[in-house]
Amino acid sequence: MSKPNIKKTNQVITFPEFSGIRCLMMPFIQGEPGSVPEIYLPYMGIIERVFLKKGDIGFLTIDESLAVEGKPHRGDRALYGRALHTEAGKHPRDGAYQWGGGGGTNWGGRRSVTLDRDVRILLANNLDGSCAIWDAEHPNTSLDGDIGHVAAEYPYDRAVFMKAGEVHEIGILTPHESLPVKTNFNRQFLRIMSKGIHGRESYFTQNPLFAFN
């Protein structure tokens, strides 16, 4: 583990009533609710208040879905026993931080997105203890960001366990883990990523109010 890389902000948000809303990496203007379609109206107040740099391009993920008892909410891609990962993968040949893997990874054998080293991320969810974060960087991450093979380097007694509504800031190489939930739960997850992301995946949500290439 290396230099400190997480920041607990002073913000605590109240999530709206669960309705199954979902968007993935949708481009928008941080701090400007008018740059987001009306379908996300329940989150407009949060979008107005929660940002990395107001007025900058950002990428919004809202995921309202059922977390299943005994399973990590966002651990479907995990190759090892723990859904421990970094936000970006690292290509072994050129060292680029990326999404869209290669060489038989789960991400389709192609590079679709690259991320600048200094991209910052805000995370929040509505369930205590469903995400652990380590105050560290893991620059020698894997091609797809899965670092479950070095889980012993990240014991839980060194982790920060996010509480419902808390907003934390991390980097693309901050180890974090989606944890198994104790019971079925309508979990709400919010992520805002800063500018410095180049390209797009086909599953990214398009924003009809904001053109971004």
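**Exercise 1. Determine whether Y43 is buried or exposed in this predicted model, and describe its surroundings.**

*Solution.*
Step 1. The relative accessibility of Y43 is 0%. Buried means under 20% relative accessible area, so Y43 counts as buried.

Step 2. Next comes the position in the chain. Y43 belongs to the loop between β2 (22-29) and α1 (44-49).

Step 3. The contacts of Y43 beyond four places in sequence are F15, P16, I21, I62, E64 and Q188. One of these residues, I21, is 22 residues from Y43 in sequence, and the C-alpha atoms of the two are 9.7 Å apart in space.

**Exercise 2. State how many aromatic pairs the structure holds, and characterise the pair of F15 and Y43 and the pair of Y203 and F204.**

*Solution.*
Step 1. Searching the whole structure gives six aromatic pairs.

Step 2. In the pair of F15 and Y43, the ring centres are 6.3 Å apart and the planes meet at 75 degrees. Planes over 60 degrees apart count as edge-to-face, and the pair of F15 and Y43 is therefore edge-to-face.

Step 3. This pair links distant parts of the chain, with the two positions 28 residues apart: F15 lies in the loop between β1 and β2, and Y43 in the loop between β2 and α1. F15 is buried, since its relative accessible area is 12%.

Step 4. Y203 and F204 also form an edge-to-face pair, at 5.2 Å centre to centre and with 80 degrees between the planes. Y203 is partly exposed, with a relative accessible area of 47%, whereas F204 counts as buried at 6% relative accessibility.

**Exercise 3. Give the strand order of the six-stranded sheet and identify its edge strands.**

*Solution.*
Step 1. The order in this open sheet is β1-β11-β8-β13-β3-β2, and the pairing is antiparallel.

Step 2. β1 (7-12) and β2 are the edge strands, as each pairs on one side only.

Step 3. From one strand to the next, the twist averages 20 degrees.

Step 4. The pairing of β2 can be followed residue by residue. Strand β3 (residues 57-67) runs antiparallel to β2, and six bridges join them. C23 has I62 of β3 as its bridge partner. I62 is also among the contacts of Y43.

**Exercise 4. Place strand β9 (residues 131-134) in its sheet, and work out which way its side chains point.**

*Solution.*
Step 1. The sheet that contains β9 is open and has four strands, in the order β4-β12-β9-β10, with antiparallel pairing. The edges are taken by β4 (84-85) and β10; each has a single partner strand, so one side of each is left without a neighbour in the sheet.

Step 2. On one side, three bridges connect β9 with the antiparallel strand β12 (residues 176-178). Here C131 has S178 as its bridge partner, and I133 stands opposite H176.

Step 3. Three bridges also connect β9 with β10 (residues 159-161), again in antiparallel fashion. In this pairing W134 faces A159.

Step 4. In a regular strand, side chains alternate between the two faces of the sheet. In β9, C131 and I133 point one way, while A132 and W134 point the other way. All four residues are buried.

**Exercise 5. Describe the ring cluster that includes W134, and the surroundings of H138.**

*Solution.*
Step 1. W134 is linked through ring pairs with Y154, Y156 and F161 in a cluster.

Step 2. One of these rings, that of Y156, has the charged end of R82 over it, 4.3 Å from the ring centre.

Step 3. H138 is located in the loop between β9 and β10. With a relative accessible area of 9%, H138 is buried.

Step 4. Beyond four places in sequence, H138 touches T86, I147, V150, E153, Y154, L173 and P175. Y154 thus appears both in the ring cluster and among the contacts of H138.

**Exercise 6. Summarise the protein as a whole: its secondary structure, burial, contacts and exposed area.**

*Solution.*
Step 1. The protein has one helix and 14 strands.

Step 2. Of its 213 residues, 54% are buried.

Step 3. Among contacts with a separation of 6 or more, 81% join residues 24 or more positions apart.

Step 4. The exposed area is about 10,200 Å², of which carbon and sulfur atoms supply 50%.

Conventions
Residues are numbered from 1 along each chain as its sequence is written. This is a predicted model: local features need pLDDT of at least 70, side-chain atom pairs count only at pLDDT 80 or more; totals for chains, interfaces and linings use all residues. Side-chain values use heavy atoms; hydrogens and water are left out. Buried means under 20% relative accessible area, exposed over 50%, partly exposed in between (1.4 Å probe, protein chains only). Two strands pair if DSSP finds at least two bridges between them. Contact means heavy atoms within 4.5 Å. Axes are lines fitted to C-alpha atoms, for helices over the stretch in contact, and angles run from 0 to 180 degrees between N-to-C directions. Accessible areas come from the Shrake-Rupley method with a 1.4 Å probe; for residues, only the protein chains shown count as cover. Rings of Phe, Tyr and Trp (its six-membered ring) pair if their centres lie within 6.5 Å; planes under 30 degrees apart count as stacked, over 60 as edge-to-face and the rest as tilted. A charge sits over a ring if NZ of Lys or CZ of Arg is within 6 Å of the ring centre and within 35 degrees of the ring normal.
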